[in-house]
Amino acid sequence: MSVLVLLSIILFVLMAIVGGKKGVKSFIALFLNFGVLIITILVMNDPNANPIWLTLLACTFISAISLFYINDVNSKTTMAFFSTIITLVILFFFIIIITEQSMIQGFGAEESEELMTFSLHIGIDFVKVATSVIIMSTIGAIVDTAISITSPMREIHHHNPTITRKDLFMAGIRIGRDILGTSTNTLFFAFFGGYMGLLIWFKDLSYSFGEIINAKVFNDEMITILTAGMGVALVIPIASWMTSYYLVTMGTKKK
């Protein structure tokens with residue numbers, strides 16, 4: 001039995017024990033999302049395909065699987081879904097501008113030696129690919145933050161149905177403030193954990209601090225982290241406002 005299979009079994013058992021039915025569905029959702037990602041990459045190899053629109057479509061499917069498949073269709077998942085989509089649309093235009101201005105598309109000098117034997121004239125717009133990578137990298141953090149906001153807000157409204165929209169909105173903001181710091185730190189340390197080898201390589205190559213922060217590989221990852229952090233910060237007020245408006249308005253109509 002390979003280590004990968006063993007770890008997968010351990011993960012499945014732990015998720016099933018701790019999460020029960022939802023834990024099992026969460027485990028299955030990992031493979032469903034992986035399937036969406038693989039299909040997107042395969043279709044993206046078509047020179048006539050637009051990587052950005054494919055990525056946005058894939059993010060929509062990933063959000064739907066992560067929210068509706070695991071937690072069913074209800075007010076908290078619906079609001080989290082729409083909050084995620086709105087945040088992605090807002091970030092979309094910003095990411096395109098940043099990608100074009102920073103020129104992080106393509107491969108860095110550190111990767112050129114490994115690619116010397118391959119042709120880079122493959123008919124794919126690397127600016128769009130870089131934009132797609134950043135968009136795809138933000139979706140997980142945004143969905144996680146959105147559901148972390150809408151779920152407790154629904155519980156607050158359920159136990160206090162007379163709460164005003166403003167008070168419910170501020171409750172969501174306060175919840176978001178607690179999440180914001182940990183989420184951004186998670187993104188930050190995920191980068192350094194994944195690229196520790198690269199940073200050590202920079203040191204062995206005697207890169208100066210200026211050369212490191214100007215390296216395309218380093219900038220690519222830092223822009224991804226900062227953009228994901230912006231997405232987390234944006235989705236908090238969006239999810240709070242949409243959820244408070246929906247719950248209070250619908251609660252008033254039912255009365």
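Author: Before we start, one definition: a patch here is made of residues with over 30% relative accessible area and no salt bridge, and nonpolar side chains are joined into one within 5 Å. Keep in mind that this is a predicted model.

Reader: Okay, so which residues form the nonpolar patch on the surface?

Author: The patch consists of Val-5, Ile-9, Phe-12, Val-13, Ile-17 and Val-18. Together they have about 550 Å² of accessible area.

Reader: Take Ile-9. Which helix is that in?

Author: Ile-9 belongs to helix α1, which covers residues 3–44.

Reader: And what is the relative accessible area of Ile-9?

Author: The value is 40%, so Ile-9 is partly exposed. That is above the 30% cut-off a patch residue needs.

Reader: Let me zoom out. How many helices and strands are in the protein?

Author: Nine helices and zero strands. Going along the sequence, the pattern reads α-α-α-α-α-α-α-α-α.

Reader: How much of the protein counts as buried?

Author: The protein has 255 residues, and 39% of them count as buried.

Reader: Now the packing. At what angle do the axes of α2 and α3 cross?

Author: Helix α2 (residues 51–71) and helix α3 (residues 75–102) have axes that cross at roughly 160 degrees and come within 10 Å. Because angles over 145 degrees count as roughly antiparallel, that is how α2 and α3 are classed.

Reader: Is that crossing left-handed or right-handed?

Author: The crossing of α2 and α3 is right-handed.

Reader: What about α3 and α5, how do they pack?

Author: Their axes are 8 Å apart, at an angle of about 150 degrees. So α3 and α5 are roughly antiparallel to each other too, and their crossing is right-handed.

Reader: Switching to charges. How many salt bridges does a search of the whole structure find?

Author: The search finds one. Lys-25 pairs with Asp-72, and the closest N and O atoms are 3.4 Å apart. Lys-25 lies in helix α1 and Asp-72 in the loop between α2 and α3, so the salt bridge ties together parts that are 47 residues apart in sequence.

Reader: Is Lys-25 buried or exposed?

Author: Lys-25 counts as buried, because its relative accessibility is 16% and the cut-off for buried is under 20%.

Reader: And its partner, Asp-72? What is the relative accessible area there?

Author: For Asp-72 the figure is 43%, so this residue is partly exposed.

Reader: Anything about the backbone there? What is phi of Asp-72?

Author: Phi of Asp-72 is near 65 degrees, which is a positive value in a residue other than glycine. This is the residue in the loop between α2 and α3.

Reader: Let's go to α5. Where is Met-153, and is it buried or exposed?

Author: Met-153 sits in helix α5, which spans residues 126–159. Its relative accessible area is 0%, so Met-153 is buried.

Reader: How far is Met-153 from Ile-175?

Author: Their C-alpha atoms are separated by 8.7 Å, and Met-153 and Ile-175 are 22 residues apart along the chain.

Reader: One last residue. What's the story with Val-143?

Author: Val-143 is also found in helix α5. With a relative accessible area of 7%, Val-143 is buried.

Reader: And how far apart are Val-143 and Leu-67 in sequence and in space?

Author: Val-143 and Leu-67 are 76 residues apart in sequence, while their C-alpha atoms are 7.9 Å apart in space.

Conventions:
Residues are numbered from 1 along each chain as its sequence is written. This is a predicted model: local features need pLDDT of at least 70, side-chain atom pairs count only at pLDDT 80 or more; totals for chains, interfaces and linings use all residues. Side-chain values use heavy atoms; hydrogens and water are left out. Patches are made of residues with over 30% relative accessible area and no salt bridge: like charges are joined within 9 Å, nonpolar side chains (Val, Leu, Ile, Met, Phe, Trp, Tyr) within 5 Å. Accessible areas come from the Shrake-Rupley method with a 1.4 Å probe; for residues, only the protein chains shown count as cover. A salt bridge is a side-chain nitrogen of Lys or Arg within 4 Å of a carboxyl oxygen of Asp or Glu. Helices (H or I, at least four residues) and strands (E, at least two) are DSSP runs, numbered from the N terminus. Buried means under 20% relative accessible area, exposed over 50%, partly exposed in between (1.4 Å probe, protein chains only). Axes are lines fitted to C-alpha atoms, for helices over the stretch in contact, and angles run from 0 to 180 degrees between N-to-C directions. Angles under 35 degrees count as roughly parallel, over 145 as roughly antiparallel, 65 to 115 as roughly perpendicular and the rest as oblique. A crossing is left-handed if the near helix is turned anticlockwise from the far one by less than a right angle, and right-handed if clockwise.
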